[in-house]
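Subject: Structure for your review

Dear colleague,

Please find below the structure that I am handing over to you. I would be grateful if you could read the notes that follow with the structure open beside them.

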Amino acid sequence: MAKNKSQAGDNSISNSGNDKELTQNNYNFSDIMPKRTIIFDLCELIANQNIPSGNYSIKTNTDWTLKLDYNSVVEYTEIFDEYCDIYLDFEEILKEQYSEREKMIRKIHHIYRDVRISYPDKKSDGDFILQKVFVKLSELVNIANYDPSNQVEEEEIDRTLVLIMFYTLTKCKLLEVPIK
């Protein structure tokens, strides 16, 4: 079964589907780097959730392109590709100014494991798994009643969550590591 490939530019809508499922994503890549306060707020929110965490080494990082291919990720490959230009800046912000990185990543990894267990028939559909992780993180933000003092658009929160997921992926705690 072939995967549908989805591409989108600024202010566009992308639809992709597989059998009876249809996913619609609205993209706005202008002003893509979220404000630092939102980055810190959401990282802190995730890190402080009551979610078990396991062992993690932040020094581990595999070739993420190979990892995306191995996990049959198409749609999120395009999304993450849009964030590549700012990824190093984002990573630097986290390394220099956010000390709870490992704790946050362990919590996201636990969410990822729960999604894989909850949908055993979708383990090989990386886009499905990533979308479910994104939804779970969005729910955490909503449950926590995250209300920044400065009016933040939902799109900026979504961009920050995608960057956090991308960061977690590059640290080998989101998706399966390719077998060598």
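The notes below go from the overall fold to the core, and then to the aromatic residues and two individual positions.

Overall fold

Please bear in mind throughout that this is a predicted model. The protein contains six helices and two strands. Along the sequence, these elements follow the order β-β-α-α-α-α-α-α. Of the 180 residues in the protein, 47% are buried. The exposed surface comes to about 9900 Å², and carbon and sulfur atoms supply 44% of it. Among contacts in the protein with a separation of 6 or more, 77% are between residues 24 or more positions apart.

The nonpolar core

The largest nonpolar core holds 44 residues, and the members that touch the most others are Met 104, Val 133 and Leu 137. Two or more residues of this core come from each of helix 1 (36-47), helix 3 (75-97), helix 4 (101-118), helix 5 (126-143) and helix 6 (154-170). Val 133 merits a closer look. Apart from neighbours within four places in sequence, Val 133 is in contact with Ile 108, Ile 111, Tyr 112, Val 115, Met 165 and Leu 174.

Aromatic residues

The structure holds six aromatic pairs. One of them joins Tyr 76 and Phe 80, with ring centres 5.6 Å apart. The planes of these two rings stand at 55°, below the 60 degrees above which a pair counts as edge-to-face and not under the 30 degrees required for stacking, so the pair is tilted. Tyr 76 and Phe 80 are four residues apart in helix 3, which means that about one helical turn separates them. Both residues are buried.

A second pair, Tyr 119 with Phe 128, is edge-to-face, with 5.0 Å from centre to centre and 75° between the planes. Is each partner buried or partly exposed? Tyr 119 has a relative accessible area of 29% and is therefore partly exposed, whereas Phe 128, at 12% relative accessibility, counts as buried. Phe 128 also has a charged group over its ring: the charged end of Lys 122 sits there, 5.1 Å from the ring centre.

There is also an aromatic cluster, formed by Tyr 76, Phe 80, Tyr 87, Phe 90, Phe 166 and Tyr 167. The tilted pair of Tyr 76 and Phe 80 described above thus belongs to this cluster.

Two individual positions

Gly 126 is found in helix 5. Its relative accessibility is 1%, and because the limit for a buried residue is under 20%, Gly 126 counts as buried. Which residues are in contact with Gly 126, leaving aside its neighbours within four places in sequence? They are Asn 71, Ser 72, Val 73 and Leu 175. Gly 126 and Glu 176 are 50 residues apart in sequence, and their C-alpha atoms are 9.0 Å apart in space.

His 109 lies in helix 4. At 16% relative accessibility, His 109 also counts as buried. A polar atom of the His 109 side chain lies 2.9 Å from the backbone oxygen of Lys 173.

With kind regards

Methods:
Residues numbered from 1 in each chain as written. Predicted model: local features only at pLDDT ≥ 70, side-chain atom pairs only at ≥ 80, totals over all residues. Heavy atoms only, no water. Core = buried A, V, L, I, M, F, W, Y, C linked by side-chain atoms within 4.5 Å. Buried < 20%, exposed > 50% of the residue type's maximum accessible area, 1.4 Å probe, protein only. Contact = heavy atoms within 4.5 Å. Areas by Shrake-Rupley, 256 points an atom, 1.4 Å probe, with all protein chains shown as cover. Phe/Tyr/Trp six-rings, centres within 6.5 Å; stacked < 30°, edge-to-face > 60°. Lys NZ or Arg CZ within 6 Å of the ring centre and 35° of its normal. Polar contact = N/O pair within 3.5 Å; in protein donor to acceptor, adjacent residues only side chain to side chain.
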